[in-house]
Amino acid sequence: MKEIQITENEAGQRFDKMLGKYLNKAPKSFLYKMLRKKNIVLNGKKASGNEKLAAGDSVKLFLSDETIGKFSELFEGYTDTKLEILHEDSNILLINKPAGMLSQKAKESDESLVEHLITYLVRSGQMKETDLKTFRPSICNRLDRNTSGIIAAGKSMAGLQELNRMFHDRTIGKYYLCLVCGKVGRQSRIEGWLAKDERTNKVAILNHKQEGSVPIVTEYRPLKSAEQVTLLEVHLITGKTHQIRAHLASIGHPLIGDYKYGKRSVNQEYEIQYGLKSQLLHAARLEFPSCEGALSELSGKIFTAELPELFKKVAADQGVL
C-alpha cells in the first residue's frame with residue numbers, strides 16, 4: 001500500500017488528473033477500474049475521480065510496489081543548461097530564453113526550457129524527484145525557437161494557474177522588440193485572421209474569416225527608423241503561432257532574418273555581414289496587472305529582458321539603437 005498526502009501543489013486539480021500524473025504510464029481504463037474496485041481511495045472512501053483535491057487529503061493506493069513501478073515513470077530529462085533568471089519567488093520564475101532554445105519539446109528526444117526549468121528546481125533543492133510524480137512545473141507562454149526573451153513559468157500549482165489565467169484573459173502586457181525591413185512612420189493597430197497550415201508549419205494572414213482561422217490583433221510603434229530599417233515595439237494583443245512575424249510581413253515590413261516570412265535577398269545580406277540566421281525578435285517586457293492571491297506581490301510590476309548582443313550590434317550598426 002502507498003499513501004500520498006496532497007500538498008498545495010496538488011490541490012485544486014481533479015483526482016483523476018493527479019492519478020494520471022502519478023501513474024503516468026497507466027491506461028485511464030486501469031485507473032478508473034482501480035477506483036471502482038476501491039484499490040485507490042480518497043480519504044479512505046471510494047472515489048469516482050472527478051473530485052477536486054484539497055491540501056491535506058489522503059490518497060491510498062492498494063497496489064503492489066511492482067505495479068506502481070510499472071506504471072510510474074520518473075523524470076529523466078535532466079540537462080546541463082544554465083538559465084538566465086530575471087525574477088523568482090515561491091510561485092513563479094521569469095526566464096530570459098536565448099534564441100535557439102525550444103520552449104517545449106517538439107519530439108521526445110528534444111531538450112527544451114521545460115527540462116532546463118525542472119533540472120534547476122530539483123538541483124537547487126526546491127523540489128524532490130518524487131514531487132514530479134504529481135506536479136510538473138511548466139511554462140505559461142511559448143516563444144518560437146529562434147525568438148528570444150521573457151518566458152513565464154509556474155513553479156507551484158497556484159503560480160501556474162494564475163499565470164495561465166492572465167495569459168488566457170490577456171490581462172498581462174506582452175511587449176516585443178523587432179527589427180523590420182523598411183521605414184515605419186507611425187504607430188498602428190492591425191487586425192486580421194490567421195490560418196495555420198500544420199503540414200508546413202506556416203501561417204497565412206487573411207482579411208476575412210475562413211474555416212479554421214482565428215482572429216488576431218497586433219499593435220506596434222516605431223522607436224527609431226533609418227532608410228531601410230525600423231526598430232519596432234510590438235504590443236501583442238492576441239498570441240497566435242508566428243503572429244508578429246506573419247502579420248508584419250503581410251503589411252510589407254517583414255522581420256530582418258526571418259527566412260520563413262521575410263525577404264530572402266535582405267536576409268542573405270545580413271547573414272553575410274553578421275552571420276544572422278534567424279529573425280531579430282525579442283520578448284522584451286511583461287507588465288503585470290493588478291494581482292491578488294498567490295501573485296499579489298507582482299501587482300503592477302514590470303519586468304524587462306536585455307536584448308541579445310547580436311540584436312544590439314545589428315541595430316546599432318543600422319543606426320536605430
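This is a short talk on the strands, salt bridges and surface charge of one structure.

Hi everyone, thanks for coming. Before we start, please keep in mind that this is a predicted model.

Let's begin with the sheet. Three strands make up an open sheet, and going across it the order is E1-E3-E2, with antiparallel pairing. Who sits at the edges? Which strands pair on one side only? Those are E1, residues 2-5, and E2. On average, neighbouring strands in this sheet are turned by 15° against each other, with direction ignored.

Now let's zoom in on one pairing. E2 and strand E3, which covers residues 58-61, run antiparallel and are joined by three bridges. If you would like a spot to click on, leucine 42 stands opposite valine 59 in E3.

Just before E2 there is a loop to look at. Lysine 37 is found there, between helix H2 (28-36) and strand E2 (40-42). Lys37 also belongs to a patch of positive charge on the surface, where it gathers with Lys33, Arg36, Lys38 and Lys46.

On to charges that do find a partner. How many salt bridges does the count come to? The count is 20 salt bridges. One of my picks for today is aspartate 80 with arginine 123: this pair forms a salt bridge, and the closest N and O atoms are 3.6 Å apart. The two residues link distant parts of the chain, 43 residues apart. Aspartate 80 is in the loop between helix H3 (65-71) and strand E4 (85-88), while arginine 123 is in helix H4, residues 113-123.

That's my tour, and I'm happy to go back to any of these spots with you.

How values were computed. Residues are numbered from 1 along each chain as its sequence is written. This is a predicted model: local features need pLDDT of at least 70, side-chain atom pairs count only at pLDDT 80 or more; totals for chains, interfaces and linings use all residues. Side-chain values use heavy atoms; hydrogens and water are left out. Patches are made of residues with over 30% relative accessible area and no salt bridge: like charges are joined within 9 Å, nonpolar side chains (Val, Leu, Ile, Met, Phe, Trp, Tyr) within 5 Å. Accessible areas come from the Shrake-Rupley method with a 1.4 Å probe; for residues, only the protein chains shown count as cover. A salt bridge is a side-chain nitrogen of Lys or Arg within 4 Å of a carboxyl oxygen of Asp or Glu. Lys and Arg count as positive and Asp and Glu as negative; His and the chain ends are not counted. The place of a charge is taken as NZ of Lys, CZ of Arg, CG of Asp or CD of Glu. Helices (H or I, at least four residues) and strands (E, at least two) are DSSP runs, numbered from the N terminus. Two strands pair if DSSP finds at least two bridges between them. Axes are lines fitted to C-alpha atoms, for helices over the stretch in contact, and angles run from 0 to 180 degrees between N-to-C directions.
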